[in-house]
Amino acid sequence: MSGDASAQRAGDDPALRGELRVAPFEGGALTRHVATAYDELRETYGYELVDILVVKRFPTGIEALSQALVEELALPSRPNVKTIARHASTVLTERAPETRVLSEVERIETLAMVLEGHAWEHDYFASAADHESFGRDVGRILLAGTYSGQFDRPDVDAGPHGELLAELQTVRDDFHDWLETQGWVERPDVLRRATAALADDAVRSTIEREFEAIVAVGFEEFGALERRYLAALAENATLVAVGEEDASIARVWNEPGSVADLGGSRPVERVDRLRDRETTTDRVARFLATGDESLLSGCDDPIYRIAEPTFHEQLSTIANEIGYLRAEYGWDYDDIAVLVKDSNGPIRRIRRVLRRAGIPTASATANGLGGDRAVRELHALATYHATTDREERDRARKLVADRLGRWPQDAVDAVSSASSAADKLGRWILETDLKRRIAESEPIEARAQFHHVSRVLEIAEFVERADFVPNGWDGFLRVLERAITYVASDTYSTSVDVEENGVVVDAVRICKHERRTAVFLVDVHEGQYPESPRLTRLFPQEWVRAMPGYPGVTTPADADVRSTFETSPETIHEPFEAYYAELARRQLAIGARAAADRLYFCTAGKDDSALGRRQHPSRYLDTLEEHAGVETIEIGSEDAPRDVYSHGEASATVLSEPWDQLERIQQAASTGSAYDLRRAERTLGAIQTLLESDDLDPRFEQAVYAQIDRALGDVGAGRPANETNADRPVDGTEVDSSGE
């Protein structure tokens, strides 16, 4: 989008049909502002509960917002709260009842079919089409172009390489035309189609029976398509749009400008701040969002820092700190969130590390199918039946046998007798009792695995319906493998609310309007906050920066940076870099704002590459540390402010402690310095108590005693198999004598 993007957007948007209220940047306050608007509509116009429609941009938090409105206003029943996309789906269905909205997997497969049949006119695409990631990269641009409405704007300056974008737009239009012949529509096209459907008087008459007034929540995130649909929907209704200042992190990826700009020529009502007293986390978040350093002078409590050498150690310390918070304060797991900058972050890896530490996790971001063991089992089953390659077939057979502890010939025979792929998978799930196996072997992640198995079954049913996909194992395997490759990386999520009873691990936008007692912000270093974004892998970066028509902010001017971000620098050397640096700062502010009590900034000294490149803390964190009190959380040193609380950290500590204690005692003896032997007694006494637990894995118990023996110089002795815990003290007696 070019430097005069704000003007282009304003000219393209229909006028806002209603009132725009802009609230200040304030965590946890949006619901009360929405409740005020809702209550005023009831009192001023005498509207009943059923007369007011509440529309929200993102699907997460729908239930939380509904419940909050019920409690805030003492409503007798649940208010009518929907995402704007879901409401548009009802309008589209009213116009064309036979229309079906494609799932992610179905969109990927149908688009792949269209791309395979397209004769590329431009040599660049003809050459790039041979690359494995070509379909995914094209699909992402088409998705962004449709969601942003950019591909429906012929007035946008094409700029250099405009012919490339023009061909992509042609492909997108061909894709939509083909879907229409099937009675299908892709999710990002629902808003455009629904807006057109409202021009039908019969459709409008039916839809308008649902409401007399509309409250639009989080208006700062409404993109061009959402605003166009909202204008059409509110043609004969009272509209109040509620947005937050300095808070947009999704819309500004596609267009610059503040929330006040979205009101056009209409006056904007500025809403007062609700809280007189701000906590330290509130002040830190508002400083990050606005750049007002005076806010940091009022920080009474510290913010917290976790700085570890590696990413894994960073996560281990986070896990241990979660254990500390639960033990010392009695907080529940769902009082805590671990947040990354966006959905491209290592969400799955963080969840895996925390689960191995015994911490249940929850997420609204769709997890990829590839890392799920149950999905791998079903993939292996399909591979075994579909492939003729002997080695590949043997590998699949071994994976299945390892999962079940044997080769289940009866179940294989039952599967072979079923007709369709969906029936075959259903028989396998029943014959091998897959759901019970998941629940027993992986209770912490069972819910997610059940969801993934359901998605695999949906893929099998789609294969049966789609006449362009080979039926049976071959077609199912092709679609499943494409889903495993592509779906995990999609940044547009249609997910529902975050599951309860687990630490939330997700992108900061998921907690944008929520508050958690403690929040850990992961990887707060240069390269993340901020980073130089690579908007696509399909084109070279220098091309994208010269493409005004690309679906995103690619050619911003200084004025675009300043109108969008209050934190923009006085001197802007590279507007593109400055724009996305300020966006990263705002994402950090949104993540910090989610913390009601304790806020942790977490970093790793080296990245995960083979070279282990050094990483530096974010420039924004450096600024915070200059002006606010920071307490560093460490584990493992003698002066550490934290003991061991997590299972994973406890295991590592218990195994290393005999050596560590001996080294400390020997060092004290050699230097003549004092050493508190009572500390060693307490530590080894705690290990003794642990080893007396009936739930302890015997292999771990043996490993601990082996470490004690080696620390005492008894190499290779280990613990006799017939020796009980009581026979072998680890309360410090032997270590004390050897130390003297």
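Strand 10 (residues 336-340) and strand 12 run parallel and are joined by four bridges. In this predicted model, V338 of strand 10 is placed opposite V505 in strand 12. The pairing belongs to an open sheet of seven strands with parallel pairing, in the order 11-12-10-13-14-9-15. A second open sheet, of six strands, is also parallel and has the order 3-2-6-7-1-8. Overall, the chain contains 29 helices and 15 strands.

**The seven-strand sheet**

- Strand 11 and strand 15 (630-632) lie at the edges of this sheet; each has a single partner strand, so one side of each has no neighbour in the sheet.
- Strand 12 (residues 503-507) is mostly covered, with five of its five residues buried.
- Besides its bridges to strand 10, strand 12 pairs with strand 11 (residues 361-362) in the parallel sense over two bridges.
- In the pairing with strand 12, T361 is set opposite V503.
- Strand 10 also pairs with strand 13 (residues 516-521), again in the parallel sense, over four bridges.
- The bridge partner of L339 in strand 13 is L521.
- Helix 13 (residues 311-329) lies across strand 9 (303-308), strand 10, strand 12, strand 13 and strand 14 (595-604), and its direction is at about 155° to strand 14.
- Helix 24 (residues 575-593) packs on the sheet as well, where it touches strand 10, strand 13 and strand 14; the angle between its direction and that of strand 14 is about 135°.

**The six-strand sheet**

- The strand order here is 3-2-6-7-1-8, in an open sheet with parallel pairing.
- The edge positions are taken by strand 3 (80-83) and strand 8 (268-270); each has a single partner strand, so one side of each is left without a neighbour in the sheet.
- From one strand to the next, the twist averages 25°.
- Helix 3 (residues 62-73) packs on this sheet and touches strand 2 (52-56), strand 3 and strand 6 (213-217); its direction makes about 160° with that of strand 3.
- Strand 1 (residues 19-23) runs parallel to strand 8, and three bridges join the two.
- Within the pairing of strand 1 with strand 8, R21 stands opposite E269.

**Two residues of interest: N80 and E220**

- N80 is located in strand 3, one of the edge strands of the six-strand sheet.
- Residues up to four places away in sequence aside, N80 touches I52, L53, V54 and E210.
- L49 is 31 residues from N80 along the chain, and their C-alpha atoms are separated by 8.1 Å.
- E220 is in the loop that connects strand 6 and helix 11 (224-233).
- The relative accessible area of E220 is 0%, so this residue is buried.
- With neighbours within four places in sequence left aside, the contacts of E220 are V242, G243, E244, A247, S248, R251, V259, L262, K512 and H513.

**Helix pairs**

- Helix 17 (residues 409-417) and helix 18 (residues 421-431) pack at an angle of about 155°, and their axes are 8 Å apart.
- Helix 17 is therefore roughly antiparallel to helix 18.
- The crossing of helix 17 past helix 18 is right-handed.
- On the helix 17 side, A411, V412, A414, V415, S416 and S417 meet K424, R427, W428 and E431 of helix 18.
- Sorted by class, the contact of helix 17 with helix 18 comprises five nonpolar, two polar and three charged residues.
- Helix 7 (residues 134-148) packs with helix 8 (residues 162-182) at an angle of about 80°, with 10 Å between their axes.
- Helix 7 and helix 8 are therefore roughly perpendicular to each other.
- In helix 7, V138, I141, L142 and T146 meet L168, V171, R172 and H176 of helix 8.
- The contact of helix 7 with helix 8 has five nonpolar residues, two polar and one charged.

**Chain totals**

- The chain has 740 residues, of which 53% count as buried.
- Of the contacts between residues at least 6 apart in sequence, 74% join residues at least 24 apart.

How values were computed
Residues numbered from 1 in each chain as written. Predicted model: local features only at pLDDT ≥ 70, side-chain atom pairs only at ≥ 80, totals over all residues. Heavy atoms only, no water. Pairing = 2+ DSSP bridges. Axes fitted to C-alpha atoms, helices over the stretch in contact; angles between N-to-C directions. Contact = heavy atoms within 4.5 Å. Buried < 20%, exposed > 50% of the residue type's maximum accessible area, 1.4 Å probe, protein only. Parallel < 35°, antiparallel > 145°, perpendicular 65-115°, else oblique. Left-handed = near helix turned anticlockwise from the far one by under 90°. Nonpolar A, V, L, I, M, F, W, Y, C, P; charged D, E, K, R; others polar.
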